[in-house]
Amino acid sequence: MSYVPRTDRPADKAACYAEVEGEILAVLDGEPNRVARMATVASMLADAFDSYFWTGFYVVDPDKAGADGAGELVVGPYQGTLGCLRIPFGRGVCGAAAATGLTQVVEDVHAFPGHIACDSRSASEIVVPVFGADGVLIAVFDVDSTEKAAFDGVDRAALERLLGKVFGT
Ligand code: SME
């Protein structure tokens, strides 16, 4: 199978997400492997949006699950410059999403307490928790942009829906 990246995406962000979601679901049809699914989501979303500077997953490390529920994330499939390898739950934006189970939309990462600067060009980000079919957290999906306030409720709704369809069913 070959895939030709499109250059004529809809200007409307919600419409663009809807279009890419359909393509991602079509590509992943019948593919159960979680790494393959994560790699495909990161690649196709990064390709579709110019605002995506760093795009990828931090996966819950099963070897670091604390008895008190505290855990550690380890980097998974991503597109972009070098990302840090490990993030404890509760640390930075990714750690906050993992610890709370809630999407984090950060307009200015430099104003976020404990933000982890993997690349100083990142200015804003969205991190969405990813749950498996059993409702257990398996990863977070992190997108960074070099523009401030690049993400809003449209990104949040679209990514929560897309990740729910890809990993939660
Ligand atoms: N921005 C993240 C760290 C991961 S990198 O940006 C790839 C954070 O503070 O959680």
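**The ligand and its cavity**

By class, seven nonpolar, two polar and three charged residues make up the shell around the ligand in this predicted model.

Colleague: What makes Trp54 and Asp142 part of the shell around the ligand?
Modeller: A residue counts if one of its heavy atoms lies within 4 Å of the ligand. Trp54 and Asp142 are among the residues that surround it, as are Tyr58, Ile87 and Glu125.

Colleague: Why is the pair between Asp144 and the ligand called a polar contact?
Modeller: The cut-off is 3.5 Å between N or O atoms. An N or O atom in the Asp144 side chain is 2.6 Å from a ligand oxygen, so the pair qualifies.

Colleague: And what makes the Ile116 pair one?
Modeller: A polar backbone atom of Ile116 lies 3.0 Å from an oxygen atom of the ligand. That is within 3.5 Å, so it counts too.

Colleague: How much of the ligand does the protein bury?
Modeller: Alone, the ligand exposes 310 Å². The protein buries 99% of that.

Colleague: How do you know where the ligand sits?
Modeller: The test is that more than half of its atoms lie within 2 Å of the grid points. By that test the ligand sits in the largest cavity.

Colleague: Why is that space called a cavity?
Modeller: Because a 1.4 Å probe fits there but cannot get out. The largest cavity holds about 140 Å³ of space. With a threshold of 30 Å³ or more, the count is one cavity.

Colleague: Which element gives the most to the lining of the largest cavity?
Modeller: H3, with three residues. H3 also gives the largest share of the shell around the ligand, three residues.

How values were computed
Residues numbered from 1 in each chain as written. Predicted model: local features only at pLDDT ≥ 70, side-chain atom pairs only at ≥ 80, totals over all residues. Heavy atoms only, no water. Polar contact = N/O pair within 3.5 Å; in protein donor to acceptor, adjacent residues only side chain to side chain. Areas by Shrake-Rupley, 256 points an atom, 1.4 Å probe, with all protein chains shown as cover. 1 Å grid on protein atoms, 1.4 Å probe; cavity = no way out; pocket = protein on both sides within 12 Å on 5 of 7 lines; lining within 4 Å. Helix = DSSP H or I, 4+ residues; strand = E, 2+ residues; numbered from the N terminus. Nonpolar A, V, L, I, M, F, W, Y, C, P; charged D, E, K, R; others polar. Points joined across faces, edges and corners; volume = space filled by probe spheres on them.
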